[in-house]
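Work through the exercises below with the sequence and the model open side by side. Try each task before reading its solution.

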Amino acid sequence: MPGLVIGLFPDVVQHGRYDHHLSVAKADGLSFVIGPLAQQPSPSNPGLLSPRPDLKGLSGSEWSNGIVGLISNTAVQACCESTHGTSQAISDEVEWAMHMGVPAVMFPPVPPPSSSSPPSTLLENYARMMNSTALRVAGSQTGVWMSVNFTPTEGCYREVSRVLMSCEFPSTVSLNLVFRGGEEGEYGLDEYLVHLNRMIGLGVVGITLPTEGFLTNKKGYPTLSKKMQSVVEFVMKRGGEKIRWVLSGQKAHHPGGEDANMVDVGSQSSSEGNHSGYLHYLQYLFHVRNRPSVVAVLDNEEASAERGYLDYLQAPLQPLADNLEFMTYETFEKDPVKYRNYENAVLLAMEDGSHEGKWVAQGGKVNIMVVGAGRGPLVQASLNAVKRFNDANPINRVTPNMLAVEKNKNAVVFLHSRCQLEEDWVGVVRVITSDMRDAMVSESDRADIVVSELLGSFGDNELSPECLDGAQRSGLIRSNAVSIPTDYVSFIAPLSSAKLHQEAKAQAYVSTDPGAGPMGQPFGFLRAMETPYVVRTHSGTQTHSEKECFKFSHPRDLDGADNQRYARATFEADGAYGLGLGSGYLREDEGLRDVGRDVDGKMGGGEGGIVVHGLTGTFDSLLYKKRTGGKEEERISIAPSTFSVGMFSWFPLFFPLREPMFLPAGGKMAVSIWRIKDDKNVWYEWAVEVEDREGRIVGKSNIHNVNGRSYKVGL
């Protein structure tokens with residue numbers, strides 16, 4: 001069954017028999033088994049280790065794909081209570097796991113305090129143990145799962161964030177949230193959702209559901225309460241295929257009879273189709289996964305197209321230096337929303353021109369110029385708009401004079417081919433091979449409508465202002481021309497995402513010259529953490545609604561025009577920590593936003609706090625707003641509050657913070673961002689400042705990327 005990865009953490013795992021446990025689990029569709037790593041002495045000869053049939057019964061690939069090793073609870077307890085915070089037993093278990101190539105080792109939660117070990121000592125020793133293990137497994141294929149006895153409380157988040165901040169959020173450590181059965185009634189659904197949303201920003205890899213937390217339906221099958229069904233749906237929609245689900249505990253449900261699920265480790269016999277005894281729990285999770293509300297989020301065309309890009313950092317384009325490749329053009333042209341909206345916008349502009357008498361005054365001729373035409377999708381959209389206009393206005397038909405301006409000589413080959421091969425292009429479309437800032441046309445060819453798709457993830461970050469200003473200066477457009485887009489606004493918001501912070505740090509080791517291979521000069525930490533990245537945010541939480549930064553409009557008065565900008569956005573206390581905004585990509589969930597506002601009101605500005613790892617940049621663009629005969633308009637947006645549903649041409653821009661910052665309950669964060677330019681480059685600089693609820697400054701970052709020292713866009 002696609003879409004879920006589910007593992008088994010049985011109440012009893014017979015030592016040395018992973019081969020059997022994995023066999024019966026996989027027979028039911030489970031993907032992996034969790035069990036202890038510690039070796040056991042031979043019962044007949046304490047001087048020897050107990051034999052392990054599974055060493056020959058399982059292949060290396062089965063160990064590396066089907067087994068998650070459990071670190072001994074006794075060893076962790078002893079380590080946390082020790083005076084030095086080290087453990088040879090844990091080291092031995094981790095070394096064994098790495099030797100066998102298991103994908104992960106799972107640590108039990110922070111031990112409960114005792115009379116001899118106060119909470120602070122336990123927590124610090126636990127953090128040291130996790131940090132030591134994270135460093136030990138670095139470079140191997142074994143990761144670390146830190147189990148958390150999840151409760152929707154401030155104490156739970158505070159404990160986890162303290163551990164991870166002490167470890168500097170290592171890339172090898174992820175969270176496994178254990179839902180403890182029998183406690184759900186103490187908390188409301190809104191509390192679960194708010195705190196889960198916050199936890200996702202710290203890096204959740206697994207959710208453990210104990211069998212005792214399942215209810216029993218009328219036929220004896222396991223089910224979940226309405227509240228927990230909503231919780232599971234929420235995690236599925238937010239985490240998707242990145243989440244590993246774990247079933248733990250005893251087989252507590254026996255539909256069809258008490259003995260139906262009993263399996264003998266020494267025997268391969270079992271009830272038909274329920275080899276492990278946990279099949280009904282697995283089937284129930286898939287039942288939830290296949291609900292329309294979940295399918296609508298995870299199985300649509302956009303989700304499928306984006307799956308390979310989740311949390312994958314990409315350097316932003318250098319639009320005036322880089323030429324897009326054939327496949328890149330082809331991918332962008334598949335966007336079902338962007339070009340439809342552009343076509344509608346061109347049609348609105350033509351209707352305005354008709355109402356204003358422009359086309360009649362010009363003898364029925366309309367000049368449409370597409371700048372940065374690429375392979376011609378906007379040319380085609382404009383031609384479609386002309387046809388729709390003529391079909392609706394048979395008496396006042398227009399004749400299009402279409403010019404496509406493109407600097408990429410390879411894309412120009414494609415354009416010339418279309419001009420000769422496609423019926424609606426022949427004799428209508430002409431190609432100008434030039435940078436739009438230097439192109440020249442006759443007075444009769446100057447544009448009435450100039451169309452472009454020069455926007456970047458942050459609106460202006462691919463130099464749309466400089467390019468369109470240049471086209472205006474070079475005389476490509478008429479004084480009364482209209483631009484599509486008419487304007488665009490960039491937005492910024494804090495983002496909690498340990499995953500993206502880890503990925504940004506990892507860029508420090510990447511060669512600055514991909515062609516140089518391992519001998520190339522590495523990026524370096526400073527440059528890695530002062531570079532904004534295009535990324536399909538996923539494992540993260542946008543903590544507040546986005547705020548406006550920079551706005552550009554076209555065409556405009558160029559006398560004294562300056563494209564440098566400064567913005568300061570203040571994000572007030574939000575006790576719901578952005579519930580409903582997701583990872584900062586896709587349309588905000590208005591229902592969850594309402595839940596969040598209710599929680600915020602009850603909590604009086606929130607309790608606890610949240611870790612912020614960086615900023616997410618998005619944009620909203622007005623393509624065109626009709627001036628006559630109505631108030632119709634066309635927009636495109638990747639800002640969560642106005643997101644164009646179904647559009648996938650842009651992912652957000654992630655501005656990392658060199659050091660994560662803690663935003664305390666009731667506090668606020670101020671973000672300063674600059675857009676700076678000189679004769680050769682454009683770049684951004686950014687900084688954040690944190691105040692507590694009393695207005696005291698409790699955190700202040702450095703200004704990142706001063707003078708464009710780490711990242712700039714060439715003019």
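**Exercise 1: the barrel**

A closed barrel of 8 strands, paired in parallel, follows the order E1-E2-E3-E4-E5-E6-E7-E10. Strands pair here if DSSP finds at least two bridges between them. Strands (E, at least two residues) and helices (H or I, at least four) are DSSP runs, numbered from the N terminus. On average, neighbouring strands of this sheet are turned by 30° against each other, direction ignored. Such angles run from 0 to 180 degrees between N-to-C directions, and axes are lines fitted to C-alpha atoms, for helices over the stretch in contact.

The model is predicted: local features need pLDDT of at least 70, side-chain atom pairs count only at pLDDT 80 or more, and totals for chains, interfaces and linings use all residues. Residues are numbered from 1 along each chain as its sequence is written, and side-chain values use heavy atoms, with hydrogens and water left out.

Task: Over how many bridges do E3 and E4 pair, and in which sense?

Solution: Find E3 at residues 67-70 and E4 at residues 104-107. They pair over 3 bridges, in the parallel sense. Then locate Gly69, which stands opposite Val105 in E4.

**Exercise 2: H5 against H6**

Task: At what angle do H5 and H6 pack, and how far apart are their axes?

Solution: Two packed helices are described by the angle between their axes and the distance between the axes.
- Step 1. H5 covers residues 88-100 and H6 covers residues 119-137; the angle is about 30° and the axes are 11 Å apart.
- Step 2. That angle makes H5 roughly parallel to H6. The classes are: under 35 degrees roughly parallel, over 145 roughly antiparallel, 65 to 115 roughly perpendicular, the rest oblique.
- Step 3. The crossing of H5 past H6 is right-handed. In a right-handed crossing the near helix is turned clockwise from the far one by less than a right angle; anticlockwise is left-handed.
- Step 4. H5 contributes Ile90, Ser91, Val94 and Met98 to the contact, and H6 contributes Met129, Thr133, Arg136 and Val137. Contact means heavy atoms within 4.5 Å.
- Step 5. Sort the H5 and H6 contact residues by class: 5 nonpolar, 2 polar and 1 charged. Ala, Val, Leu, Ile, Met, Phe, Trp, Tyr, Cys and Pro count as nonpolar, Asp, Glu, Lys and Arg as charged, and the others, Gly among them, as polar.

**Exercise 3: H6 against H7**

Task: Is H6 oblique or roughly parallel to H7?

Solution: H7 spans residues 154-166. H6 and H7 pack at about 50°, with axes 9 Å apart. That makes H6 oblique to H7. H6 passes H7 in a right-handed crossing. Residues in the contact include Leu123 and Tyr126 of H6 and Arg162 and Val163 of H7. By class, the contact of H6 with H7 has 5 nonpolar, 2 polar and 3 charged residues.

**Exercise 4: the open sheet**

Task: Which strands are the edge strands of the open sheet?

Solution: The sheet has 5 strands in parallel pairing, ordered E13-E12-E11-E14-E15. Its edge strands are E13 (429-433) and E15 (477-484), each pairing on one side only. E14 (residues 447-452) pairs with E15 in the parallel sense over 4 bridges. Ile449 stands opposite Val482 in E15.

**Exercise 5: backbone exceptions**

Task: Which peptide bond ending at Pro485 is cis?

Solution: The bond from Ile484 to Pro485 is cis, with omega near 10°. Pro485 lies in the loop between E15 and E16 (487-496). Another cis bond joins His554 and Pro555, with omega about -15°.
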